[in-house]
Amino acid sequence: MKGLFITFEGTDGAGKTTQMQRLAQRLQAQCRAVLLSREPGGCPIAEQIRTVLLDPQNMAMSPVTEALLYAAARSQHVYEVIRPALQRGDIVLCDRFLDSSLAYQAYGRGLGEDLVRRINEPALDGLQPDLTFYLALGAASSLRRSEKRSAPDRLELAGLDLQQKVSLAYGMLAQRESDRIVVVDAAQSIERIHEHIWQAVLRKTQGF
Ligand code: TYD
């Protein structure tokens, strides 16, 4: 048995959490085993790394340290949670994965794609999402939405410039890997976004 690995990407405040929950409910109603997780985090060791990454006090963190910590959290998450779930045959829905490191660290912070891929190679151990939803929202409204939610974390404090670079990078990645990455207009209603996602999942799970 082989599971299905679906990831959700987007700038902060694009509505990933709501959509993941909607999709999980609908899959569970069809008696599928679903595991919801997130990055950075998803298991105790990776959640500890998350605390370090998002702490607004850690403004001195270098871009390379940042990329390595995201990869370290990912490594533990893949090893402890994602891989075993896929081996059980579960459908894994994950809030962010490698594409976040490409968008934020490679392009947002300017480390370049080659370095970020090399840093992540041992963490991934060959794993790739089967399907990725990119919830696309303009950088300014994304920042506005996430500011309303809670106190800004370290990445949100980096501001509009970072968010704009990240949005551009996601668009480029989605174009390059259009078989895997489905672009969804996140300015639509929750229901319409959900329907778009559901149709893509149905196509992917035919024969699953
Ligand atoms: P989170 O509060 O989960 O943001 P969101 O709700 O928008 O998903 O914080 C995760 C932050 O970490 C977010 O700003 C994106 C960033 N991030 C990276 O920069 N690189 C990564 O590899 C991952 C997984 C997240």
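**Reading a predicted model, feature by feature**

Colleague: I clicked on Pro40 and found it in the loop between β2 and α2. Before we go on, what kind of model is this?

Modeller: A predicted one, so every feature we discuss is read from a prediction. Pro40 is a good place to start. Glu39 lies in that loop too, between β2 (34–38) and α2.

Colleague: Is the peptide bond from Glu39 to Pro40 cis or trans?

Modeller: General idea first: most peptide bonds are trans. Now the case here: the bond that leads from Glu39 to Pro40 is cis, and its omega is near -10°.

Colleague: And Glu39 itself, is that residue buried or exposed?

Modeller: To read this, you need a cut-off: a residue counts as buried when its relative accessible area is under 20%. Glu39 has a value of 6%, so Glu39 is buried.

Colleague: Which side chains make polar contacts with the side chain of Glu39?

Modeller: For a polar contact, look for a pair of N or O atoms within 3.5 Å. The side chains of Glu39 and Arg74 are joined by such a contact at 2.6 Å. The side chain of His77 also makes one with that of Glu39, at 2.9 Å.

Colleague: Arg74 also seems to point at the ligand. How far is an N or O atom in the side chain of Arg74 from an oxygen atom of the ligand?

Modeller: That distance is 2.9 Å. So Arg74 takes part in two stories: its side chain is in contact with Glu39, and it has a side-chain N or O atom 2.9 Å from a ligand oxygen, a distance that falls within the 3.5 Å cut-off.

Colleague: What about the side chains of Arg96 and Ser101?

Modeller: In Arg96, a polar side-chain atom lies 2.8 Å from an oxygen atom of the ligand. For Ser101, the distance from a side-chain N or O atom to a ligand oxygen is 2.6 Å. Taken on its own, the ligand has 540 Å² of accessible area, and the protein covers 93% of that.

Colleague: Where does the ligand sit, in terms of pockets?

Modeller: It takes up the space of the largest pocket.

Colleague: How many residues surround the ligand, and which are the closest?

Modeller: There are 17 residues around the ligand, and the closest are Asp12, Lys16, Arg96, Ser101 and Gln105. You can also sort this shell by chemistry: nine residues are charged, five are nonpolar and three are polar.

Colleague: Which helices supply at least two residues of the shell?

Modeller: Those are α2 (44–54), α3 (63–88) and α4 (98–108). Helix α4 gives the largest share, with four residues.

Colleague: Let me stay with α4 for a moment. Is Ser100 buried or exposed?

Modeller: Ser100 lies in helix α4. Its relative accessibility is 7%, so Ser100 counts as buried. Its side chain makes a polar contact of 3.0 Å with the side chain of Arg96, and Arg96 is among the residues closest to the ligand.

Colleague: Now a question about the backbone. How should I read the sign of phi?

Modeller: Most residues other than glycine have a negative phi. Here, Cys31 goes the other way, with phi near 65°. Asp125 also has a positive phi, about 50°, although it is not a glycine.

Colleague: Where do Cys31 and Asp125 lie in the fold?

Modeller: Cys31 lies in the loop between α1 (16–29) and β2, and Asp125 in the loop between α5 (113–124) and β4 (131–136).

Colleague: Are Cys31 and Asp125 buried or exposed?

Modeller: The cut-off for exposed is over 50%. Cys31 has a relative accessible area of 72%, so Cys31 is exposed. Asp125 is exposed as well, at 56%.

Colleague: Could we finish with a residue from a helix? Is Glu121 buried or exposed?

Modeller: Glu121 belongs to helix α5, and at 58% relative accessibility it counts as exposed. For contrast, look at Gln21 in helix α1: its value is 43%, so Gln21 is partly exposed, lying between the 20% and 50% cut-offs.

Colleague: How far apart are the C-alpha atoms of Glu121 and Ala67?

Modeller: They are separated by 12 Å, while the two residues stand 54 residues apart along the chain. Try Gln21 and Thr11 next: ten residues apart along the chain, with 18 Å between their C-alpha atoms.

Definitions and conventions: Residues numbered from 1 in each chain as written. Predicted model: local features only at pLDDT ≥ 70, side-chain atom pairs only at ≥ 80, totals over all residues. Heavy atoms only, no water. Near = heavy atom within 4 Å. Polar contact = N/O pair within 3.5 Å; in protein donor to acceptor, adjacent residues only side chain to side chain. Areas by Shrake-Rupley, 256 points an atom, 1.4 Å probe, with all protein chains shown as cover. 1 Å grid on protein atoms, 1.4 Å probe; cavity = no way out; pocket = protein on both sides within 12 Å on 5 of 7 lines; lining within 4 Å. Sits in = over half its atoms within 2 Å of the grid points. Nonpolar A, V, L, I, M, F, W, Y, C, P; charged D, E, K, R; others polar. Buried < 20%, exposed > 50% of the residue type's maximum accessible area, 1.4 Å probe, protein only.
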